[in-house]
Amino acid sequence: MNIISEKYRDPSGLREKYKSNDPFPHIVVDDFIEPSTLEQVLSEFPNLDTLPNVIRWTKGTSIKLASKGSRDLSPSARNLINYFNSDLFLTYLQELTGINETLLSDPYLFGGGYHEIKKGGYLKIHAD
């Protein structure tokens, strides 16, 4: 199963664009993940209000919810996140960015599981 869209499967073709972007190296890739993969994840996305291990952030009337770990992930979401944590994807990122050090994944999904911002909420611009 291919998770990355065909046009992005070779990271070497993206490296120069990544390196030359201002004000710092970065890249924007629309439709990076195969649509069928994302459609399956979306179809299984739970109501985070019903999960027992959810983290809640509240500020004013805004509410953001996030799952903890992989326990509550659907099969398709778990498959996608396992891919993102794999040596295959980390090697892909190293080739795209030119980072020589070995990248490490976060198998505990600290901030890496489901996230939901309720109606009226917002997400500030951030880079991580």
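Entry 1, the chain as a whole. I began by following the elements of the chain from the N terminus, and I noted that they run α-α-β-β-α-α-β. Counted by type, the secondary structure comes to four helices and three strands. I remind myself here that the model is a predicted one, and that every value in these entries is computed from it.

I then looked up the extent of the chain, and I found that its C-alpha atoms fill a box of roughly 45 × 35 × 25 Å along the principal axes. The chain has 128 residues, of which 30% count as buried, and it exposes about 9100 Å², with carbon and sulfur atoms supplying 54% of that area. When I turned to contacts between residues at least 6 apart in sequence, I saw that 61% of them join residues at least 24 apart. For the charges, I wrote down 14 positive and 17 negative side chains, with the centres of the two sets lying 9 Å apart.

Entry 2, Ser67. I picked this residue in strand S2, which covers residues 62–67, and asked myself whether Ser67 counts as buried or exposed. Its relative accessibility is 3%, and because buried means under 20%, Ser67 counts as buried. I next asked which backbone atom the side chain of Ser67 reaches. The partner is the backbone nitrogen of Tyr114, at 2.8 Å. Tyr114 also appears in the list of contacts that I made for Ser67 after setting aside neighbours within four places in sequence, together with Leu51, Asn53, Val54, Leu73 and Gly113.

Entry 3, helix H3. In this helix, residues 75–84, I marked Ser76, Ala77, Leu80, Ile81 and Tyr83 as buried. Looking down the axis of H3, I found that these buried residues fall within an arc of 155 degrees, and so they line one face of the helix. I wanted to know which helices are included in what covers them, and I noted helix H2 (35–43) and helix H4 (87–97).

Tyr83 is one of the residues of H3, and I looked at this one separately. At 19% relative accessibility, Tyr83 counts as buried, since the cut-off for that word is under 20%. Leaving out residues up to four places away in sequence, I found that Tyr83 touches Ile3, Ile4, Leu88 and Phe89. I also checked the separation of Tyr83 from Phe32, which is 51 residues away along the chain, and the C-alpha atoms of the two are separated by 14 Å.

Entry 4, Thr37 in helix H2. Having met H2 as part of the cover of H3, I looked up Thr37, which is found in H2. Thr37 is buried, with a relative accessible area of 11%. Apart from neighbours within four places in sequence, Thr37 is in contact with Asn2, Ile3 and Leu80, and Leu80 is among the buried residues that I had marked in H3. I then took the distance from Thr37 to Asn100, and from C-alpha to C-alpha the two are 30 Å apart in space, with their positions 63 residues apart in sequence.

Entry 5, helix H4. Here I listed Phe89, Leu90, Tyr92, Gln94, Leu96 and Thr97 as buried, and I noted that Phe89 is one of the residues touched by Tyr83. What covers the buried residues of H4 includes helix H1 (12–20) and H3. Finally, I asked which residue follows H4; it is Gly98, and its phi is positive, near 80 degrees.

Note on methods. Residues are numbered from 1 along each chain as its sequence is written. This is a predicted model: local features need pLDDT of at least 70, side-chain atom pairs count only at pLDDT 80 or more; totals for chains, interfaces and linings use all residues. Side-chain values use heavy atoms; hydrogens and water are left out. Buried means under 20% relative accessible area, exposed over 50%, partly exposed in between (1.4 Å probe, protein chains only). Contact means heavy atoms within 4.5 Å. Accessible areas come from the Shrake-Rupley method with a 1.4 Å probe; for residues, only the protein chains shown count as cover. Lys and Arg count as positive and Asp and Glu as negative; His and the chain ends are not counted. The place of a charge is taken as NZ of Lys, CZ of Arg, CG of Asp or CD of Glu. A polar contact is a pair of N or O atoms within 3.5 Å; within protein, one must be able to donate a hydrogen and the other to accept it, and residues adjacent in sequence count only if both atoms are side-chain atoms. The arc is that of the directions from the helix axis to the C-beta atoms.
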